[in-house]
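Grab a pencil and work through these short exercises. Try each task yourself before you read the solution below it.

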Amino acid sequence: MLKKLPVLIVLIATAFTSCKAQEPAYIFTYFKGNGEDGLHLAYSIDALNWKALNDDESVLTPEVGEQKLMRDPAVIKGGDGRYHMVWTTGWTERGIGYASSADLINWSEQQLIPVMEHEETARNCWAPEITYDAQKDEYMIYWATTIPGLYPETQSELDAGYNHRIYYTLTKDFKEFTKARVLYDPGFNSIDATIQWDGEQYVMILKDETREPARKNLKVATAQNLTGPYSEASAPITGNYWAEGPTIIQKDESWIVYFDKYTDHQYGAVQSADLKNWTDISDQVSFPDGIRHGTAIRVSPAELKQIQEVFSN
């Protein structure tokens, strides 16, 4: 029996190593400054401590739009196995940027999707996000736009007249898109929506952009269908600071929402097991200096290894 113990120990160690190898890794897509230099990447093993890749230099330069920025880069893995990214191309544009990649290293030709070109007075298309609907095998792209004159009851000159609502378009192939429609009007100036399926419903995290009186916090809304209707927004899930740019992932039995504490020039996070009761864990997370609004996504250890080999520090 004693002679078999070393073999048993090796088998247990091998099984443990195999299980560890299957644990997910994470990539964070983000921008710095005004987004002029393009896409930045960071990685994490524990979803708490994030380290910049490529010496925190851009890995993709923006090429589309009048201002050619790459702000708010939002990335998901689609039903086709490719990574799809959308971003804000400029402060006053009526389109958004799009590109795709098989490996987060090599990207397709960038294109400008003119999502609000039909609205001549639309002031902007900010913070686009993308969610894949597996049941319909289609993608919903959504963003915040201000159209002057709409929703006058929530307009404030302290925000330079910006008064956003969340709009969306649907596509199956990123070539043809439905006409943009309002996705969510929560009754207040709203921006920075991001949506995840939690197994039972779609969960939207969004920013309350109200300036008078200042709220500038994150809230939750839910829906049974990706295109809504979404519920009334919840009470704030963030604390006594201004927060924006949320991104959400599921880790183990909990959900983590990362966000930009933009007036404090640092990143924060809140955690929840039920998407109702939230704990601030900002003191447990660390990010590269200067990181701005982006998305956290899960990748395989093999994918992370390949990315690290190309963008090693």
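## Exercise 1: the second largest pocket

Sort the lining of the second largest pocket by residue class, then find which residues sit nearest its centre.

Solution. Start with the classes: the lining holds nine charged, seven nonpolar and three polar residues. Keep in mind that you're working with a predicted model. Next, the centre: 19 residues line this pocket, and R71, W91, W126, I191 and E244 lie nearest the middle. Now check the classes of those five: Arg and Glu count as charged, while Trp and Ile count as nonpolar. As for strands, β4, β8 and β12 each supply at least two lining residues. Finish with the volume, which is about 290 Å³.

## Exercise 2: the largest pocket

Work out how much space the largest pocket has and which elements line it.

Solution. First the space: it comes to about 750 Å³. Then look at the lining, which has 31 residues, with T131, Y132, I195, Q196 and W197 closest to the centre. Now go element by element: β4 (71-77), β8 (126-133), β12 (190-197), β15 (244-251) and β19 (295-299) are the ones that give two or more residues. Of the elements, β8 gives the most, with five residues. Last step, the classes: 16 lining residues are nonpolar, 10 are polar and five are charged.

## Exercise 3: a sheet of strands

Find the strand order in the open sheet of four strands, and say which strands are at its edges.

Solution. A bit of background first: strands of a sheet pair through backbone hydrogen bonds, either parallel or antiparallel. Here the order is β4-β5-β6-β7, and the pairing is antiparallel. The edges are β4 and β7 (111-113), since each of them pairs on one side only. Ignoring direction, neighbouring strands in this sheet are turned by 30° against each other on average. Zoom in on one pair: β6 (residues 96-101) and β7 run antiparallel and are joined by three bridges. If you want a spot to look for, Y98 stands opposite Q111 in β7.

## Exercise 4: the cavity

How many cavities of 30 Å³ or more are there, and which residues line the largest cavity?

Solution. The count is one. The largest cavity has a volume of about 40 Å³. Its lining is made up of D133, K136, E138, Y139, M140, L170, L226 and T227. Strand β9 (residues 138-145) gives the most to that lining, with three residues. Sort the lining by class and you get four nonpolar, three charged and one polar.

Notes
Residues numbered from 1 in each chain as written. Predicted model: local features only at pLDDT ≥ 70, side-chain atom pairs only at ≥ 80, totals over all residues. Heavy atoms only, no water. 1 Å grid on protein atoms, 1.4 Å probe; cavity = no way out; pocket = protein on both sides within 12 Å on 5 of 7 lines; lining within 4 Å. Points joined across faces, edges and corners; volume = space filled by probe spheres on them. Pairing = 2+ DSSP bridges. Axes fitted to C-alpha atoms, helices over the stretch in contact; angles between N-to-C directions.
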